[in-house]
Amino acid sequence: MTIQASTVALRTKNPIRDIVDKMKVVPNPEKEFISLALGDPTTFGNFKLHDSCVQAVVHKLQSFKANGYPPSIGTKEARQAIANGHTTTDAPLTADDVILASGCSDALNLCIGVLCNEGDNILLPAPGFSLYETLASSKAIECKFYNLLPEKQWEMDLKHLESLIDSKTKCILINNPSNPCGSVYSKQHLLGLLDIAERHHLPVISDEIYADMVFEGFHFYPLATLTKKVPILTCGGLAKKFLVPGWRVGWVMIHDRENQFEQVRKGLVSLSQLTLGANSLIQSAIPEMLQVDPSFHEQNMKQLETNARTSRELLQGVPGIKPVFPQGAMYLMLEIQLEHFPFKDDLEFVEVLAKEESVLCLPGQCFRCPKPFVRIVFSPPKDKLEIAFGRIRTFCERHFR
């Protein structure tokens with residue numbers, strides 16, 4: 001007799017895994033394999049955590065005071081430090097407005113789980129981080145995808161977004177700065193989104209894991225600083241800005257100026273008990289880590305911006321592709337003009353590129369991109385990018401028609 005998996009298990013699928021696991025990727029053995037697919041800034045070793053943060057963890061480890069179970073919502077000290085680091089006049093925070101989670105992905109899970117019931121729907125960006133869909137669909141929440149516009153630097157199509165709202169819509173999720181797009185939204189654009197949310201009485205989940213990771217000439221606006229009316233759950237964490245995605249500490253910041261989230265606050269506390277809290281050692285070091293010298297973040301962004309410029313220089317003029325260059329984060333999207341190539345879609349483009357040139361990217365299908373695109377991660381060292389982009393150019397020139 002076969003024992004069946006649960007309904008929840010069977011409906012839990014990650015679109016990236018569904019596509020990547022079926023990809024026929026056999027790299028060219030005569031060329032060094034270079035992956036531009038994984039959004040992990042630690043992969044190549046060129047981004048490192050500041051020593052003061054390392055020492056903060058070592059200090060807590062050697063104190064033997066951070067080995068037990070913390071409160072499921074996080075320690076008061078860690079929550080207060082996060083509140084202090086993010087509070088503003090326009091969006092004030094206290095420790096009571098912060099819930100710690102096991103990474104930003106768990107923070108997103110808490111937010112989706114507390115706002116939506118089975119049969120409800122949530123508005124998600126397309127292209128967007130595939131985990132949003134995984135978290136929602138596993139709970140039998142319908143995912144409705146609003147378009148992002150590549151011709152407008154991946155701004156939200158606000159008309160399309162509003163057209164998707166119905167009586168079962170429970171929230172809107174946005175990601176700024178964006179994975180996979182590398183876009184950074186203007187204040188005016190975010191105000192347009194908030195106007196829709198306010199008129200339809202919808203809360204917003206704002207994924208800000210790439211907060212402040214913007215390039216010269218652009219500015220990051222925390223969504224909660226732009227409204228007093230719309231209740232917002234902001235998700236963040238240590239993963240990207242502090243270069244420690246494997247440490248699994250994230251958080252939810254509750255912005256509720258009109259006290260609409262009374263039940264949601266209680267619900268978040270209840271849901272946090274499913275995992276019994278974030279990593280005790282790492283959260284104990286948060287008060288010290290958040291005091292890191294600002295030059296640490298500045299140097300990291302300088303390196304990322306240099307890599308973004310390198311990407312622009314080396315990808316401009318490549319036949320058959322149209323890059324949408326980033327404004328922040330660590331990603332850029334390349335539109336593949338399939339009419340000039342012998343490939344049926346972006347997935348085949350990626351497979352053949354890996355087979356011939358040993359360069360791996362992710363097809364736009366992984367992110368529900370409505371057009372043929374590939375996503376490139378530009379956090380590897382400059383010399384690796386130069387090799388990889390040179391091969392992409394050679395590949396496109398060889399197959400262009």
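Here are some worked exercises on the predicted model shown above.

Before you start, note that residues are numbered from 1 along each chain as its sequence is written, and that side-chain values use heavy atoms, with hydrogens and water left out. As this is a predicted model, local features need pLDDT of at least 70 and side-chain atom pairs count only at pLDDT 80 or more, while totals for chains, interfaces and linings use all residues.

**Exercise 1. The whole chain**

Describe the make-up and the overall dimensions of the chain.

Step 1. Begin with the elements: the chain holds 13 helices and 14 strands. Helices (H or I, at least four residues) and strands (E, at least two) are DSSP runs, numbered from the N terminus.

Step 2. Next comes the radius of gyration, which is 21 Å, close to the 21 Å from the globule rule for 401 residues, so the chain is as compact as a globular protein of that length. This radius is taken over C-alpha atoms, and the rule is 2.2 Å times the number of residues to the power 0.38.

Step 3. Now look along the principal axes, where the C-alpha trace spans about 60 × 60 × 50 Å.

Step 4. Turn to burial: 56% of the 401 residues are buried. Buried means under 20% relative accessible area, exposed over 50%, and partly exposed in between (1.4 Å probe, protein chains only).

Step 5. Finish with contacts (heavy atoms within 4.5 Å). Of those between residues at least 6 apart in sequence, 76% join residues at least 24 apart.

**Exercise 2. The eight-stranded sheet**

Follow the open sheet of eight strands from one edge to the other.

Step 1. Read off the order, which is β2-β9-β8-β7-β6-β3-β4-β5, with mixed pairing. Two strands pair if DSSP finds at least two bridges between them.

Step 2. Find the edges: β2 and β5 (155-156) each pair on one side only.

Step 3. Start at β2 (residues 98-101), which pairs with β9 in the antiparallel sense over four bridges. Here V98 stands opposite M253 in β9.

Step 4. Move on to β8 (residues 232-237), joined to β9 by six bridges, again antiparallel. G236 of this pair faces W251 in β9 as its opposite residue.

Step 5. For a parallel example, take β3 (residues 121-126), which three bridges join to β6. N121 has T169 in β6 as its bridge partner.

**Exercise 3. The two faces of β9**

Which residues point one way from β9, and which point the other way?

Step 1. Recall a general point: in a regular strand the side chains alternate between the two faces of the sheet.

Step 2. Apply the idea to β9: G250, V252 and I254 point one way, and W251, M253 and H255 the other.

Step 3. Check the cover. Six of the six residues in β9 (residues 250-255) are buried.

**Exercise 4. The four-stranded sheet**

Which strands stand at the edges of the open sheet of four strands?

Step 1. Lay out the order, β10-β11-β14-β13, with antiparallel pairing.

Step 2. The edges are β10 (321-324) and β13 (362-363); each has a single partner strand, so one side of each is left without a neighbour in the sheet.

Step 3. Look at the pairing of β13: two bridges join it to β14 (residues 373-377). P363 stands opposite V374 in β14.

**Exercise 5. Unusual backbone spots**

Where do the cis peptide bonds lie that join N176 to P177 and N179 to P180?

Step 1. Take the N176 and P177 bond, with omega about -10°. P177 sits in the loop between β6 (169-175) and α8.

Step 2. For the N179 and P180 bond, omega is about 25°. P180 is also placed in the loop between β6 and α8.

Now compare N259 and A329: is each one buried or exposed?

Step 1. N259 has a phi near 55°, a positive value in a residue other than glycine. N259 is found in the loop between β9 and α9 (262-272), and at 64% relative accessibility N259 counts as exposed.

Step 2. A329, which is not a glycine, has a positive phi of about 60°. A329 belongs to the loop between β10 and β11 (331-336), and A329 is buried, with a relative accessible area of 0%.
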